Amino acid sequence: MGVRHIFIQNLKFYRKKAGLTQEKLAEAIGMSTAYIGDMEARERFPSAETIDKIADALHVHPTVLFSEESCPECIKLRFVEKYAKSIQEELSERLRKDIEEVCALF
């Protein structure tokens with residue numbers, strides 16, 4: 001997952017967590033609502049100065065906006081991968097036991 005995608009996912013997540021609409025975030029950082037919408041639609045990417053303003057408005061450290069550990073979509077993907085692996089291992093073990101039982105009948 002690319003840096004821009006992670007940034008956008010975190011921006012949306014922390015904006016909503018802070019209870020801010022795109023309009024309110026735009027007001028807080030002195031930008032237009034359209035600019036926030038364009039960022040969230042992946043049409044624009046903010047400057048370092050704007051990233052600092054966004055982080056301040058969201059009450060997070062700027063690095064949080066780029067962290068895969070904070071990215072809701074990344075967390076979901078890791079959970080799905082781990083869960084899928086766990087199910088695969090369990091099913092494989094059950095299948096192995098069932099095959100052994102069937103083979104023991106012959």
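This report describes helix packing, salt bridges and a surface patch in a predicted model.

**Helix packing**

Two packed helices are described by the angle between their axes and the distance between the axes. Helix α2, which spans residues 22-29, and helix α3, which spans residues 33-40, have axes that come within 8 Å and cross at roughly 115 degrees. That angle makes α2 roughly perpendicular to α3, and the crossing of these two helices is right-handed. Helices α1 and α4 form another packed pair, in which the axes lie 10 Å apart and the angle is about 30 degrees. Here the angle makes α1 roughly parallel to α4, and α1 passes α4 in a left-handed crossing.

Helix α1 also holds tyrosine 14, a residue that counts as buried because its relative accessibility is 13%, which falls under the 20% limit. The C-alpha atom of tyrosine 14 is separated by 9.9 Å from that of proline 72, although the two residues are 58 residues apart along the chain.

**Salt bridges**

Side chains of opposite charge can pair when their charged atoms come close. In this model the count comes to five salt bridges, and three of them are set out below with the distance between N and O atoms and the helices that hold the partners.

| Salt bridge | N to O distance | Location |
|---|---|---|
| Glutamate 40 and arginine 15 | 2.6 Å | α3 and α1 |
| Glutamate 49 and lysine 53 | 3.5 Å | α4 |
| Arginine 96 and glutamate 100 | 2.4 Å | α5 |

The salt bridge between the side chains of glutamate 40 and arginine 15 joins two helices: glutamate 40 lies in α3 and arginine 15 in α1 (residues 3-17), so the pair ties together parts that are 25 residues apart in sequence. Both partners fall under the 20% limit for burial, since glutamate 40 has a relative accessible area of 9% and arginine 15 has a relative accessibility of 8%.

Glutamate 49 and lysine 53, by contrast, both lie in helix α4 (residues 48-58), where they are four residues apart, or about one turn of the helix. Glutamate 49 is exposed, with a relative accessible area of 53%, whereas lysine 53, at 35%, is partly exposed.

Arginine 96 and glutamate 100 are separated by about one helical turn, because they stand four residues apart in helix α5. Arginine 96 counts as partly exposed at 37% relative accessibility, and glutamate 100 is partly exposed as well, with a relative accessible area of 45%. Salt bridges that share partners join Glu93, Arg96 and Glu100 into one network.

**A nonpolar surface patch**

Helix α5, which runs over residues 72-104, also contains isoleucine 87. This residue is partly exposed, with a relative accessible area of 33%, a value that can qualify a nonpolar residue for a patch because the cut-off is over 30%. Ile87 does belong to a nonpolar patch on the surface, which it forms with Phe79, Val80, Tyr83 and Leu91. Together, these five residues have about 500 Å² of accessible area.

**The picture overall**

Read along the helices, α1 combines its packing against α4 with a salt bridge to α3 through arginine 15 and glutamate 40, while α3 in turn crosses α2. Helix α5 carries the pair of arginine 96 and glutamate 100 as well as isoleucine 87, one of the residues of the nonpolar patch.

Terms used: Residues are numbered from 1 along each chain as its sequence is written. This is a predicted model: local features need pLDDT of at least 70, side-chain atom pairs count only at pLDDT 80 or more; totals for chains, interfaces and linings use all residues. Side-chain values use heavy atoms; hydrogens and water are left out. Patches are made of residues with over 30% relative accessible area and no salt bridge: like charges are joined within 9 Å, nonpolar side chains (Val, Leu, Ile, Met, Phe, Trp, Tyr) within 5 Å. Accessible areas come from the Shrake-Rupley method with a 1.4 Å probe; for residues, only the protein chains shown count as cover. A salt bridge is a side-chain nitrogen of Lys or Arg within 4 Å of a carboxyl oxygen of Asp or Glu. Buried means under 20% relative accessible area, exposed over 50%, partly exposed in between (1.4 Å probe, protein chains only). Axes are lines fitted to C-alpha atoms, for helices over the stretch in contact, and angles run from 0 to 180 degrees between N-to-C directions. Angles under 35 degrees count as roughly parallel, over 145 as roughly antiparallel, 65 to 115 as roughly perpendicular and the rest as oblique. A crossing is left-handed if the near helix is turned anticlockwise from the far one by less than a right angle, and right-handed if clockwise.
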